[in-house]
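Please open the structure in your viewer and keep the sequence panel visible. The tour proceeds by selection, and each stop states what is to be found there.

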Amino acid sequence: MTSVVAAPGPIIRARDLAVEFERRGGRRRGDPLRAVDEVSLDIGKGETLCIVGESGSGKTTLVRAIGGLVPLTSGSVQFDGAEMVKLGRAARRQLRRRIQYVFQDPYESLSPRRNVFDVVSEPLRVHRLARSRQDLEKHVAEVLSQCGFEPATEYFDRYPHELSGGQRQRLLIAAAVVIRPDLLIADEPVSMLDVSVRAEILGVLKDLQASYKLSMIFVTHDLAIAWSIGDAIAVMYQGLLVEYGTAEEIIRSPRHPYTQALLQALPDSEGAMGLRELSIRGDGLDSDRVSSGCRFEPRCPYAQAICTQQRPPNVGLGTDHQSACLRAEEISLKGVSAGAASEARGDPGD
Amino acid sequence: MTMTLLSVDGLSVQYRQGRQRLQALDRASFEVSEGSRLGVLGESGSGKSTLALAIPGLLPPNAEVTAGTVMFDGRSLTGASAKELEQVRGRDIGMVFQAAMNSLDPLRPVISQVMEALMAHPGVVENRAAARKRAAEFLRMVDIRDQYHSMYPHEYSGGMRQRVAIAMSLAGGPRLLIADEPVTALDVITQFQILGLLDRLKQELGLALIFVSHDLGVIASICDEAIVMYAGRIVERGTVHEVLHQPKHPYTEMLVQAMPRLTSTRGEFFGIPGSPPSLSSLPPGCPFHPRCPAVLAKCSAEEPEDTVLGPGRAARCHVVAAGVRS
């Protein structure tokens, strides 16, 4: 397989990226829905960026726009230095090889009539990356064993119905990485799987990333998963990035009140619901209104007059810890510290 | 002394699937005291939903209780007629399911649906005016502000609809609420708010709760006691603290470790090799033995029995029985 010599600089450079959808009906027909609103961010080569947010925050739309699956309304995305919208046919085809996806549902993504070998070899055949049948089999076996299928050749003739949910997702990962993409976009890849098999998938992704020098965008609603796999975390709220930083910074010392609320809401083994308090207001229904200020203001317990008047700064550019909160410097927020649980968990022998 | 409200003893359920009979629940035994909260933890296919449906007699037509009893407040539910069970449901035992929020009628205002739930139970409200007043109280109890009462379900968020479903399940004044994955499809903040609500309802109404979930963190947040299910068996039971911090069954121990935590070391993933078995092809002996790190010779030959470790504390494991594990 030919490897493309990587240019210096980030693998993805998104600038002022916006995606709007048309509303088909209802009270606000004609008024476009802005799913992603002026997001700028860089993803470094070999880096894993986790995009975290609740349903409807725009995280899936953002990564689909970055990967070219959803047209941009405005803004630009550069992939390894090349402007994506300006690419010709051949370059687009090449690009499709370099960006691959893994989606949430491993049950719906596989045809029941195609066996493991068919699924993993197809991308190689489509992109004409194997010289011979022997070569094809060698590549397929290699990637399958990297994805935890041992011995790989024994799985060649298996059909999806013979595989567990976790195995199906590993198969789809194998099919995504067999053509050596530079960027893997994984959208909630473990959300539908049982807790006991999630670790296996995350471990495979982590190993592949190291051995193939993959860059990865990992979309999740679960901060604990983002913590375990992400180098950097971007938090989205209503189409905007509200906080960006290393996993360590986001979890241990968040600087946006929304991130703090997400951390507080995460159920963990500390238990005792009644003892905890969540610093967020309302039910999110009022936030549909268009505000000239911060979108989180209606739900923010730290909000002051400035928050309704001034538009918060954009975050995501650069590598330092950034918050879109106008009052980030004045307020003091709490993260989850490394020792918190061991304290609550008590001694193993108690 | 707390009174036992629900007592399940040796309950077994089979599903008919073609010519096969699948053992979805195998000799489940536990008790729920008045006002206490029991978490039922399990992965897909563990039998947790079957258990939740079997208690109030809501099993699908291809399922059958093959052994065991369910006693509620001194009455047998397993021996009750369909008509008697219908009276028990809603009035004595309320139920909320994961999809409950999608079961509201899109064409009618929310408050009239709560009124209907109230009027469905004889003797709860005398007339429509009383029902409307009571429905508004119920909606306030689940933190739905007055201005939303006359709106339609589509104007509500998912979390609000789930709160309405909880309010409706309480309309008949039940003493036990069975909630099957009631927060699973919801975002963390909404989930937190619903859990807080259930916690508060327990304090205010003295409601007992059976909370079914795949999420250990959620169960730890809200329950006092927990049972852990695997392949249709209750493999461990105890207080939430015991199950979480002093697990006895190797499956429980590994499941607790597999839970992703913000306090764990980054980049370390702990799972359980293999995947949960299918009920149609259970391994011989202990159904967990192919994935178990502590396996003994008899584990693949003989199915373990419950080993009672104390009041309300048991594990179904040969290793525990042999006392090999402390």
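Begin by selecting Asp182(A), which counts as partly exposed because its relative accessibility is 22%. The model on display is a predicted one. Add Arg98(A) to the selection: this residue is buried, with a relative accessible area of 10%. Asp182(A) and Arg98(A) form a salt bridge, and their closest N and O atoms are 2.4 Å apart. The pair links distant parts of the chain, since Asp182(A) belongs to the loop between α5 and β7 of chain A, whereas Arg98(A) belongs to helix α2 (residues 89-98), 84 residues apart. Side chains of opposite charge can pair when their charged atoms come close.

Remain in the loop between α5 and β7 (183-187) of chain A and select Arg180(A). Its phi is near 50°, a positive value in a residue other than glycine. Most residues other than glycine have a negative phi, and most peptide bonds are trans. Arg180(A) is partly exposed, at a relative accessible area of 33%.

Next, move to the loop between α4 (133-146) and α5 (165-177) of chain A, where Pro151(A) lies. Display the backbone here: the peptide bond from Glu150(A) to Pro151(A) is cis, with omega near -15°.

The last stop in chain A is Glu243(A), in strand β10 (residues 240-246). What is the nearest side chain of opposite charge to this buried residue? It is that of Arg255(A), 6.0 Å away, and Glu243(A) has no salt bridge. A salt bridge requires a separation within 4 Å, so the distance to Arg255(A) does not qualify. Display the polar neighbors instead. The side chain of Glu243(A) makes a polar contact with the side chain of Thr259(A), at 2.7 Å. A polar atom of the Glu243(A) side chain also lies 3.0 Å from the backbone nitrogen of His256(A).

Now select chain B as a whole. Its secondary structure comprises ten helices and twelve strands. Along the principal axes, its C-alpha atoms fill a box of roughly 70 × 50 × 45 Å. The radius of gyration is 21 Å, which agrees with the value near 20 Å for a compact globule of 326 residues. Of the 326 residues, 55% count as buried. Among the contacts in chain B with a separation of 6 or more, 66% are accounted for by residues 24 or more positions apart. The chain exposes about 13400 Å², of which carbon and sulfur atoms supply 52%.

Within chain B, go to helix α4 and select Arg134(B). This residue is partly exposed, with a relative accessible area of 33%. Leaving aside residues up to four places away in sequence, Arg134(B) touches Leu118(B), Val124(B) and Val125(B). For a sense of scale, draw a distance from Arg134(B) to Ala185(B): the two are 51 residues apart in sequence and 29 Å apart in space, C-alpha to C-alpha.

Continue to the loop between α4 (128-141) and α5 (158-169) of chain B and select Asp143(B). Its phi is near 65°, again a positive value in a residue other than glycine. Asp143(B) is partly exposed, at a relative accessible area of 42%.

The tour closes with salt bridges, of which a search of the whole structure finds 40 over all chains. Select Arg21(B) and Glu64(B), whose closest N and O atoms are 2.9 Å apart in a salt bridge. This pair links distant parts of the chain: Arg21(B) is in strand β2 (residues 20-33) and Glu64(B) in strand β4 (residues 63-72), 43 residues apart. Both partners count as partly exposed, Arg21(B) at 43% relative accessibility and Glu64(B) at 33%.

Then select Arg233(B) and Glu303(B), a salt bridge with closest N and O atoms 2.7 Å apart. Arg233(B) lies in strand β10 (residues 233-239) and Glu303(B) in the loop between α9 (250-258) and β11 (306-310), so the pair ties together parts that are 70 residues apart in sequence. Arg233(B) counts as buried at 8% relative accessibility, whereas Glu303(B) counts as partly exposed at 25%. Finally, extend the selection to Asp26(B), Arg27(B), Glu305(B), Asp306(B) and Arg316(B): salt bridges that share partners join these residues with Arg233(B) and Glu303(B) into one network.

Terms used
Residues are numbered from 1 along each chain as its sequence is written. Chains are lettered from A and ligands numbered from 1 in the order in which they are written. This is a predicted model: local features need pLDDT of at least 70, side-chain atom pairs count only at pLDDT 80 or more; totals for chains, interfaces and linings use all residues. Side-chain values use heavy atoms; hydrogens and water are left out. Helices (H or I, at least four residues) and strands (E, at least two) are DSSP runs, numbered from the N terminus. Buried means under 20% relative accessible area, exposed over 50%, partly exposed in between (1.4 Å probe, protein chains only). Lys and Arg count as positive and Asp and Glu as negative; His and the chain ends are not counted. A polar contact is a pair of N or O atoms within 3.5 Å; within protein, one must be able to donate a hydrogen and the other to accept it, and residues adjacent in sequence count only if both atoms are side-chain atoms. The radius of gyration is taken over C-alpha atoms; the globule rule is 2.2 Å times the number of residues to the power 0.38. Contact means heavy atoms within 4.5 Å. Accessible areas come from the Shrake-Rupley method with a 1.4 Å probe; for residues, only the protein chains shown count as cover.
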